[in-house]
Protein chains: 2
Amino acid sequence: MHSESTSFSAESYFATQGPPPNLEHEVSAVRTFVAQQIQQNRNVVLVTSGGTTVPLELNVVRFLDNFSAGTRGATSAEYFLKAGYAVIFMHRQFSLQPFSRHYSHSTNPFLDFLEIDQVDSSDPQISVTADKRAHLLEVLTAYKSVHASGTLLTLTFITVNDYLWLLRAVSQELSVMRRRAMYYLAAAVSDFFLPRQKMSEHKIQSGKGSLHIEMDQVPKILKSMVDEWTHDGFIVSFKLETDPLLLIPKAHAALERYGHQVVIGNDLHRRKFEVVFVSRNPQLNGDASTGSAPSTFVDHWLRIDLIRDPSKEIEEDIISELVRRHEEWVKQK
Amino acid sequence: MHSESTSFSAESYFATQGPPPNLEHEVSAVRTFVAQQIQQNRNVVLVTSGGTTVPLELNVVRFLDNFSAGTRGATSAEYFLKAGYAVIFMHRQFSLQPFSRHYSHSTNPFLDFLEIDQVDSSDPQISVTADKRAHLLEVLTAYKSVHASGTLLTLTFITVNDYLWLLRAVSQELSVMRRRAMYYLAAAVSDFFLPRQKMSEHKIQSGKGSLHIEMDQVPKILKSMVDEWTHDGFIVSFKLETDPLLLIPKAHAALERYGHQVVIGNDLHRRKFEVVFVSRNPQLNGDASTGSAPSTFVDHWLRIDLIRDPSKEIEEDIISELVRRHEEWVKQK
């Protein structure tokens with residue numbers, strides 16, 4: 001599988017890598033959804049969530065993946081809904097989803113809190129154990145209310161190619177909302193991909209020595225989002241690192257390079273209780289002649305204390321801060 | 001990440017790649033479980049299920065994975081339990097599990113069939129919608145009964161390294177049951193891995209051109225299972241291919257090479273309704289002087305008709321055939 005490496009621009013990517021088969025269907029669902037939210041005067045946020053795959057074979061058996069259960073995205077979507085946003089939840093198939101995320105089959109299986117009541121043995125009933133009822137009732141009430149109000153649209157991707165095509169299409173549909181649209185890009189997207197033209201048709205056979213893979217870089221589509229696909233939408237990207245020394249410099253570099261609104265930086269091992277909001281210094285937009293030069297970026301740390309409050313979710317504070325900033329962004333126009 | 005390729009034997013693998021941290025704890029759970037089943041005079045089957053990952057970094061952000069939701073393993077485990085076996089269910093974290101598999105968050109979310117009864121608004125109750133009650137009652141009854149009888153032990157792996165260490169340890173514990181132990185290896189195990197010594201510590205940085213990966217071959221541990229870890233256990237392996245022409249030859253080659261009992265061959269696109277049981281021809285063990293030479297292997301095709309019976313699961317027939325063969329295997333001693 002050795003090959004020459006090619007550099008793809010967003011244009012050349014979409015010109016050479018085909019769209020997923022169900023794209024038209026999903027775009028039309030998004031169009032209807034956005035029209036409904038405009039009628040209801042609601043802000044809309046696109047939440048992307050979960051990891052993308054890079055298949056190594058056309059008949060896929062093996063793939064490269066990015067670590068993500070989808071917790072950040074699924075939890076954030078719930079808080080956006082609570083804050084009155086309509087949510088387009090674009091997630092990796094089988095990653096966590098808002099509401100059902102509370103009942104992972106591994107950590108909190110729902111079959112464990114259902115009981116069979118044998119009062120009338122010819123007509124056994126199913127009930128919820130007393131200790132779980134209050135929490136389930138809360139989750140279920142929120143779930144039913146969101147479904148009744150039609151404020152959640154769920155879209156699914158698997159491969160990084162699905163993701164890129166879907167992201168472009170949804171962004172373009174959502175761009176009619178201008179500043180009232182937010183883009184919350186929490187998915188863990190591969191930086192590399194294997195062009196269709198280089199994939200092997202069938203399962204790569206073992207027994208022939210070691211496996212060599214060479215992958216091309218995924219085009220930096222944040223640049224296209226800012227410049228072409230969205231019109232003044234409020235764009236929030238994430239930067240995940242494992243080396244703490246790289247976090248802030250890489251977040252600054254991303255803002256510099258793409259020109260969007262916020263980078264939320266997080267360290268793999270601290271992400272449940274600490275994130276940093278990185279944005280451009282608003283003072284730079286005004287009068288720059290006030291003595292010492294202000295710094296280009298503002299780093300705003302957000303931390304929660306999980307020892308004092310173990311049930312607290314940092315996404316609650318992330319979303320509350322973003323809603324505040326988005327309101328300002330909408331007003332600025 | 002270019003490097004010399006090394007060939008690992010099972011011995012050199014375990015000598016150089018460290019064990020997962022919780023191995024001792026899991027081995028002791030297996031030991032207790034096996035002792036209980038011997039007391040209860042039950043056969044035990046080890047079911048492996050789901051795909052293994054190959055992390056590319058020590059602080060893992062990216063990994064290679066094998067396509068598998070764990071449907072075959074989770075479904076098979078249920079039918080083994082129904083047939084009276086005790087089951088050690090060794091599966092990939094977050095892959096499907098027996099019983100809860102019926103309620104995937106994506107295809108049949110359980111929140112959809114729960115209702116809130118507001119008869120007394122100060123004390124709302126949760127009930128199951130009428131159309132789902134009978135099926136849930138059936139699943140829940142089987143689930144509770146298995147938990148009450150202690151016939152299911154669930155173990156979890158993520159990486160191919162977790163898998164290999166766990167498989168060896170469980171096989172060695174289970175070997176005390178000799179012929180009464182079955183090994184049903186349905187997990188989709190990577191053929192390749194990246195030795196710890198070659199992994200990068202932190203997230204591989206993008207922006208430096210294409211990604212090169214070179215992986216070593218995973219040692220063929222079926223050979224060690226047959227020769228060293230199990231003592232006359234009944235071993236069933238799976239062979240998944242996407243090229244139909246390769247299926248039978250590769251299944252024959254696997255039996256020839258490892259000397260175990262059954263290879264179940266399946267084509268990626270036909271696996272829900274067609275499999276082939278490949279085993280050695282029993283006539284070869286007897287008198288070989290009866291005229292024309294019998295073939296070395298017997299290929300026994302098993303098919304179901306999903307159009308006539310869409311709720312039929314092929315695992316029901318697979319397990320029934322295996323139980324029959326395993327009974328014969330136990331008698332042969």
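Which residue of E10(B) does Leu211(A) stand opposite? In this predicted model, the residue facing Leu211(A) is Met215(B), which belongs to E10(B). The pair forms part of a strand pairing that crosses from one chain to the other: E10(A) and strand E10 of chain B, residues 211–217, run in the antiparallel sense and are joined over five bridges. On the side of chain B, six of the seven residues of E10(B) are buried, so this strand is largely enclosed by the rest of the structure. E10(B) also has a partner within chain B, since two bridges join it in the antiparallel sense to strand E9 of chain B, residues 192–193. In that pairing, Phe193(B) stands opposite Asp216(B) of E10(B).

The contact between the chains was then considered as a whole. Chain A and chain B bury about 6,300 Å² between them, and 60% of this area lies on carbon and sulfur atoms. In chain A, the residues that lose the most area to chain B are His105(A), Leu111(A) and Ile126(A), which together account for 11% of what that side buries. The contact draws 66 residues from chain A and 66 residues from chain B. Between the two chains, 15 residue pairs are in polar contact, counting those in which both residues have pLDDT 80 or more. The elements of chain A that give two or more residues to the side touching chain B include strand E3 (62–66), strand E5 (114–117), helix H4 (130–149), strand E10 (211–217) and helix H7 (244–258). H4(A) gives the most to this side, with eight residues. Sorted by class, the side of chain A that touches chain B has 30 nonpolar, 21 polar and 15 charged residues. The number of salt bridges between chain A and chain B is two. Arg62(B) forms a salt bridge with Asp191(A), in which the closest N and O atoms are 2.5 Å apart.

Strand E6 was examined in each chain through one residue. In chain A, Gln125(A) lies in strand E6, which spans residues 125–128, and is partly exposed, with a relative accessible area of 30%. When residues up to four places away in sequence are not counted, Gln125(A) touches Glu115(A), Ile116(A) and Asp117(A) in chain A, together with Arg133(B) in chain B. The C-alpha atoms of Gln125(A) and Glu115(A) are separated by 8.2 Å, the two residues being 10 residues apart along the chain. The side chain of Gln125(A) additionally makes a polar contact of 3.2 Å with the side chain of Asp123(A). In chain B, Ser127(B) lies in strand E6, residues 125–128. Ser127(B) is classed as buried because its relative accessible area is 16%, under the 20% limit for that class. With neighbours within four places in sequence left aside, the residues in contact with Ser127(B) are Phe113(B), Leu114(B), Glu115(B) and Asp117(B). The last of these contacts has a polar component, as the side chains of Ser127(B) and Asp117(B) are joined by a polar contact of 3.2 Å.

Within chain A, attention turned to strand E4. Seven of the seven residues of E4(A), residues 86–92, are buried, so the strand is largely enclosed by the rest of the structure. E4(A) pairs in the parallel sense with strand E1 of chain A, residues 44–49, over six bridges, and Val47(A) stands opposite Phe89(A) of E4(A) in register. E4(A) also pairs in the parallel sense with strand E7 of chain A, residues 152–157, over six bridges. There, Phe89(A) stands opposite Thr154(A) of E7(A). Phe89(A) therefore has a facing residue in E1(A) as well as in E7(A), namely Val47(A) and Thr154(A).Two loop residues were noted for their backbone geometry. Phe94(A), found in the loop between E4 and E5 of chain A, has a positive phi of about 70° although it is not a glycine. Phe94(A) is exposed, with a relative accessible area of 52%. In chain B, Arg178(B) is found in the loop between helix H5 (160–174) and strand E8 (181–185), and its phi, near 50°, is likewise a positive value in a residue other than glycine. Arg178(B) is partly exposed, with a relative accessible area of 48%.

Definitions and conventions: Residues are numbered from 1 along each chain as its sequence is written. Chains are lettered from A and ligands numbered from 1 in the order in which they are written. Side-chain values use heavy atoms; hydrogens and water are left out. Helices (H or I, at least four residues) and strands (E, at least two) are DSSP runs, numbered from the N terminus. Buried means under 20% relative accessible area, exposed over 50%, partly exposed in between (1.4 Å probe, protein chains only). Contact means heavy atoms within 4.5 Å. A polar contact is a pair of N or O atoms within 3.5 Å; within protein, one must be able to donate a hydrogen and the other to accept it, and residues adjacent in sequence count only if both atoms are side-chain atoms. Buried area is the accessible area (1.4 Å probe) that two parts lose on being put together, summed over both. A salt bridge is a side-chain nitrogen of Lys or Arg within 4 Å of a carboxyl oxygen of Asp or Glu. Ala, Val, Leu, Ile, Met, Phe, Trp, Tyr, Cys and Pro count as nonpolar, Asp, Glu, Lys and Arg as charged, and the others, Gly among them, as polar. Two strands pair if DSSP finds at least two bridges between them.
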